[in-house]
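Student: I would like a close look at a single part of this model, with its charged side chains and the space beside them considered together.

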Amino acid sequence: CLQVLKGMVRVGGSPEMSNLEWRRTSRIPDGDRAVYEDDGICLAPQFLATVDQVNLPNLVGAELLCRRHQLIREAYRLSPSALDNSASDWFMGWGRSRAGQTVQPPLAAYVAGQLK
């Protein structure tokens, strides 16, 4: 999440300006649904950091916002006219699990290593 936030600042000076710069350089129409979604995603961390003054890299919710932000940008980069979000589950970090498995593989590996 920290790298995404730093990238937003580097590109536009702030998350909000990063969104405007992306819209301008990608030539995305103003009425596009993703413009509104990405605008909200960019404003949320800005207000969380400046008004609420929370440490964004420590928040799972901020990480999910950053992942969604990256998913939108990547979908437009690959095919702006025909967005493909088929990998969104994996991009967001909650890819389909086998048989409803809820234990994350890294945690299972760590526990197995500790039990040896």
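To begin with one residue: is Glu 74 buried, partly exposed or exposed, and what is its relative accessibility? Please continue from there.

Tutor: In this predicted model, Glu 74 counts as partly exposed, at 26% relative accessibility. The side chain of Glu 74 meets that of Arg 77 in a salt bridge, with 2.6 Å from N to O. Both residues belong to helix α4, where they are 3 residues apart, about one turn of the helix. Arg 77 has a relative accessibility of 57% and therefore counts as exposed, the class that begins over 50%.

Helix α4 also holds the pair Arg 67 and Glu 63, which lie 4 residues apart, again about one turn. Their side chains form a salt bridge at 2.9 Å, N to O. Arg 67 is partly exposed at 26%, and Glu 63 is partly exposed with a relative accessible area of 26%.

In helix α3, Arg 33 and Glu 37 are 4 residues apart and so are separated by about one helical turn. A salt bridge joins Arg 33 to Glu 37, the closest N and O atoms being 2.9 Å apart. The count for the structure comes to 6 salt bridges.

The cavity remains to be considered. The structure holds 1 cavity of 30 Å³ or more, and about 50 Å³ of space lies in the largest cavity. Its lining includes Arg 33, Arg 68, Leu 71 and Tyr 76. Helix α4 gives the most to this lining, with 5 residues. By class, the lining has 6 nonpolar, 1 polar and 2 charged residues.

Conventions. Residues numbered from 1 in each chain as written. Predicted model: local features only at pLDDT ≥ 70, side-chain atom pairs only at ≥ 80, totals over all residues. Heavy atoms only, no water. 1 Å grid on protein atoms, 1.4 Å probe; cavity = no way out; pocket = protein on both sides within 12 Å on 5 of 7 lines; lining within 4 Å. Points joined across faces, edges and corners; volume = space filled by probe spheres on them. Helix = DSSP H or I, 4+ residues; strand = E, 2+ residues; numbered from the N terminus. Nonpolar A, V, L, I, M, F, W, Y, C, P; charged D, E, K, R; others polar. Salt bridge = Lys/Arg side-chain N within 4 Å of Asp/Glu carboxyl O. Buried < 20%, exposed > 50% of the residue type's maximum accessible area, 1.4 Å probe, protein only.
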